[in-house]
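Thank you all for making time this morning. I would like to walk through one structure with you, slowly, and I will stop at a few residues along the way.

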Amino acid sequence: MAKDRIFDIEFPSIPSAGVYYFNTTTGLRYEVRFGRLQDNILHSNIVFGVINDEFEGEEYVATNRGEVYQGMNTIVEIVKNYMSEHPKVNVYEFTAVGRDGETETAENARMSLYKRFLPRIFD
């Protein structure tokens, strides 16, 4: 079933680098980056988005080319891999940047999507 598939993952040469990539079948290139907080190295911030030149550096651009499930499944696998390689990290955080016109006080559509995939990462 297409909803369960993932894209091929480009793993970092050095696991501690925490930067992964994957390409979709329609040519989007995603970067998934794990950053550590300066005041708590056991807290990781997960940032991901499209890095194609066509979007002029806007990594949070909304793209919908029918690959949402495969893209999110791929991100789930990347997070699981990172967690297995960094077992001491005890907090994971991600942010869902809203679209134009969405209020910052209410949960946006991206956050709703991300939350649907959290049970696949965390028990």
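**A walk through the chain**

Let me begin with R120, which counts as partly exposed because its relative accessibility is 40%. Please keep in mind throughout that what we are looking at is a predicted model. R120 sits in helix α2, and its C-alpha atom is separated by 9.0 Å from that of E77, although the two residues are 43 residues apart along the chain.

With that residue as our starting point, let me step back to the whole chain. The chain contains two helices and five strands, and if you read along the sequence, you will meet them in the pattern β-β-β-β-α-β-α. There are 123 residues in the chain, and 34% of them count as buried. The accessible surface amounts to about 7900 Å², with 49% of that belonging to carbon and sulfur atoms. If we take the contacts between residues at least 6 apart in sequence, then 51% of them join residues that are at least 24 apart.

Let me return to helix α2 and ask which of its residues are buried. They are R110, Y114, F117 and I121, and what these buried residues pack against is β4, α1 and β5, the last of these covering residues 91-94. As a general point about such helices, an α-helix has 3.6 residues a turn, so residues three or four places apart point the same way.

Now to the interior. In soluble globular proteins, nonpolar side chains tend to be buried together. In this model the largest nonpolar core has 23 residues, and V32 and F34 are the ones with the most contacts inside it. At least two residues of this core come from each of β2, β3, β4, α1 and α2, while α1 gives the most, namely six residues. As for F34, if we leave aside its neighbours within four places in sequence, its contacts are with G18, Y20, S44, N45, I46, I78, V79 and Y82.

One of those contacts, G18, deserves a closer look, and here I would ask where along the chain G18 is found. The answer is the loop between β1, residues 9-10, and β2. Why does G18 count as buried? G18 counts as buried because its relative accessible area is 0%, and the cut-off for that class is under 20%. Beyond its sequence neighbours within four places, G18 is in contact with P12, V32, R33, F34 and Y82. Between the C-alpha atoms of G18 and Y82 the separation is 7.3 Å, with their positions 64 residues apart along the chain.

From G18 we can also look across to E85, which lies in helix α1. The C-alpha atoms of E85 and G18 are separated by 9.8 Å, the two being 67 residues apart along the chain. E85 is partly exposed, with a relative accessibility of 36%, and, again leaving aside neighbours within four places, it is in contact with P15 and Y20.

Next, the empty space inside. Rolling a probe the size of a water molecule over the atoms shows where empty space is left. How many cavities of 30 Å³ or more are counted here? The count comes to one cavity, and its volume is about 120 Å³. The lining is made up of I46, F48, M72, I75, V76, V79, F94, Y114, F117, L118, I121 and F122, and the elements that give two or more residues to it are β4, α1 and α2. When the lining is divided by residue type, we find 12 nonpolar, no polar and no charged residues.

Let me finish with a residue of strand β4, which covers residues 40-50, and that residue is I41. Is I41 buried or exposed? I41 is exposed, because its relative accessible area is 55%, and the cut-off for that class is over 50%. Not counting residues up to four places away in sequence, I41 touches R36 and V89. From I41 to V91 the distance is 9.6 Å, C-alpha to C-alpha, and these two residues are 50 residues apart in sequence.

That is the end of my walk through the model, and I am happy to go back to any part of it.

Notes:
Residues numbered from 1 in each chain as written. Predicted model: local features only at pLDDT ≥ 70, side-chain atom pairs only at ≥ 80, totals over all residues. Heavy atoms only, no water. Helix = DSSP H or I, 4+ residues; strand = E, 2+ residues; numbered from the N terminus. Buried < 20%, exposed > 50% of the residue type's maximum accessible area, 1.4 Å probe, protein only. Contact = heavy atoms within 4.5 Å. 1 Å grid on protein atoms, 1.4 Å probe; cavity = no way out; pocket = protein on both sides within 12 Å on 5 of 7 lines; lining within 4 Å. Points joined across faces, edges and corners; volume = space filled by probe spheres on them. Nonpolar A, V, L, I, M, F, W, Y, C, P; charged D, E, K, R; others polar. Core = buried A, V, L, I, M, F, W, Y, C linked by side-chain atoms within 4.5 Å. Areas by Shrake-Rupley, 256 points an atom, 1.4 Å probe, with all protein chains shown as cover.
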